[in-house]
Amino acid sequence: MRPGVYTVAVTEQTREQKIWATVYERFDPEKPADKPWRVERKYSPAKEIVRELARPMGGHKRFMILGGLGSGKSTELMGIAEARSESGPVVFLDLVEHFEQRLGDIAALDRVQPWEVVLLVGLGVFAAAEERFGHKWDKQLRQGLEAAGRNFAEDKGNKGEFDLAKLASSVAALAGGALTVGTSGTGALVGAGLVAVSEVAKSFQFKIGIPGRTPRSDQDQAVRQLLEAVNALIGDLQSRHATRLTVFVDGLDRVKKRAQTEAMFVDSSLLGSLECDVVLTGPMALHWGSLRKQVRQFTTKILTNAPVIDRDDPRSWEPGGRGIDLCVEVFRRRTDDLGGMVAEPLLRKLAYYSGGRMREFVRLIRELSGPAWDDGLEQVNEAIVDRALDNLREETEAGLTQKHLDVLRRLLDNPDVLPDDGVVAEMLDLCLILPYPNESEWFFPHPLLLKIKLPKASG
């Protein structure tokens with residue numbers, strides 16, 4: 001055997017181990033739920049957005065879904081896109097995949113400028129129309145987008161390297177829906193749901209979100225030229241096929257810096273100037289303070305966490321809030337062919353301590369699969385569940401300060417109003433404080449913090 005090289009013996013799995021291996025694969029916290037696994041959330045704005053997009057009156061509709069990380073925005077956005085694809089063409093841009101897989105620089109997403117998102121939208125629409133809808137672009141439109149893109153090359157010597165076809169085919173985008181072809185009434189159907197525009201992930205050879213790049217205003221001549229070129233593509237697609245395109249952009253909720261959030265959604269109106277229906281996810285930071293009121297050209301909608309807490313008995317998961325049933329259904333949708341590997345009382349416990357964050361609940365289920373696989377268990381036991389909860393609790397508690405704890409104790413006394421403290425915005429971003437739905441929003445510490453850091457007062 002060569003030095004530094006080792007092999008792992010592959011043992012044959014038992015029936016139970018195969019089941020837990022399947023559970024691990026099905027519960028990926030980073031992927032939105034596929035259609036067969038998607039569970040309707042009655043407090044979600046998804047249905048309302050679908051209805052408003054379907055109405056013919058008014059101009060272009062633009063919506064922004066705000067919510068904390070892990071609240072399930074991507075799953076809801078995908079559901080809206082699939083519903084919209086039943087009546088028209090849809091292009092879905094996945095910025096997280098694009099920056100992480102195509103650029104290999106997820107940190108760049110926190111530096112992305114509005115014009116860069118517009119460029120990606122234009123490239124996504126260009127590729128989707130050609131590769132999935134069978135649309136043929138006029139030479140003038142192609143040249144217009146190429147010229148606009150070259151304006152943003154790092155220096156004059158690189159201008160010739162803006163390869164439109166290559167860049168468009170390497171954007172992380174999905175497409176769905178149909179176009180009517182001419183006046184014949186026939187349609188070019190993409191297929192069930194949304195499918196990838198590019199079948200093979202390719203490296204995106206154009207620098208975006210790089211450190212130190214000078215911000216460009218909406219009035220910048222190159223920015224205006226780019227917006228006009230992208231809108232020319234959108235206009236051609238819609239007019240030649242007498243249809244309405246809907247563009248979806250997922251991932252902008254990952255922008256963490258307040259200055260970048262303001263630059264993208266408050267100071268700029270570029271995304272709201274795309275001449276089609278647009279639905280995107282935005283950072284929860286916009287919801288706090290006055291920023292939400294300053295968002296331009298978008299109607300903002302809030303997706304809160306699943307209401308797993310019973311306000312009359314907030315420290316108990318038995319029975320807990322109505323959101324626990326939603327989490328239980330999420331589990332059953334993904335495992336109905338595998339058997340009952342987790343007893344319902346333990347599922348309810350996991351749901352409660354997830355705080356109603358779908359990503360966290362899915363992650364907890366995945367964490368059970370390793371120890372259960374090791375022991376070849378038919379059904380997970382409470383010790384394994386508690387171990388998974390303790391692991392997540394330790395992560396949640398990390399970095400807590402006395403000030404954080406003081407704010408959380410004030411919130412326990414009055415969940416209807418956020419404490420007036422500058423640290424609250426950070427605590428919301430870190431999911432130390434979670435919002436829940438009701439007639440008006442209410443707030444509560446993450447349930448994991450109740451276990452040790454915020455114990456119930458004696459007597």
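In this predicted model, strand β3 (residues 173–176) pairs with strand β6 (residues 195–196) in the antiparallel sense, over two bridges. Within that pairing, A175 stands opposite V195 of β6. Strand β3 has another partner in strand β2 (residues 90–94): the two run antiparallel and are joined by four bridges. Here L93 stands opposite A173 of β3. In a regular strand, side chains alternate between the two faces of the sheet.

The strand pairings are set out below.

| Strands | Sense | Bridges | Residues standing opposite |
|---|---|---|---|
| β2 (residues 90–94) and β3 (residues 173–176) | antiparallel | four bridges | L93 and A173 |
| β3 and β6 (residues 195–196) | antiparallel | two bridges | A175 and V195 |

Next, the nonpolar cores. The largest has 75 residues. Inside this core, the residues with the most contacts are V342, L350, F361, I365, L368 and I433. Helix α13 (residues 358–375) gives the most to this core, with seven residues. Two domains feed it: domain 1 (15–25 + 308–450) and domain 2 (44–199 + 217–302) each supply at least three residues. F361 touches C327, V330, F331, L347, L350, A351 and S354, leaving out residues up to four places away in sequence. A second core, separate from this one, has 68 residues. Its members include W115, A168, V230 and L233. In soluble globular proteins, nonpolar side chains tend to be buried together.

Now a single loop residue. F162 sits in the loop between α6 (139–150) and α7 (164–169). Is F162 buried or exposed? F162 counts as buried because its relative accessible area is 4%, under the 20% cut-off. Which residues does F162 contact, apart from its neighbours within four places in sequence? The contacts are L119, L145, E146, G149, R150, L167 and F206. A147 lies 15 residues from F162 in sequence, with the two C-alpha atoms 8.7 Å apart in space.

Last, a pocket. The second largest pocket holds about 440 Å³ of space. Its lining has 20 residues. Among these, R357, E360, E395, L430 and C431 lie nearest the centre. Three helices each supply at least two lining residues: α13, α14 (382–397) and α16 (424–429). Helix α13 thus appears in two settings: α13 gives the most to the largest nonpolar core, and α13 also helps line this pocket.

Note on methods:
Residues numbered from 1 in each chain as written. Predicted model: local features only at pLDDT ≥ 70, side-chain atom pairs only at ≥ 80, totals over all residues. Heavy atoms only, no water. Buried < 20%, exposed > 50% of the residue type's maximum accessible area, 1.4 Å probe, protein only. Contact = heavy atoms within 4.5 Å. Core = buried A, V, L, I, M, F, W, Y, C linked by side-chain atoms within 4.5 Å. Domains from an automatic or database assignment. Pairing = 2+ DSSP bridges. 1 Å grid on protein atoms, 1.4 Å probe; cavity = no way out; pocket = protein on both sides within 12 Å on 5 of 7 lines; lining within 4 Å. Points joined across faces, edges and corners; volume = space filled by probe spheres on them.
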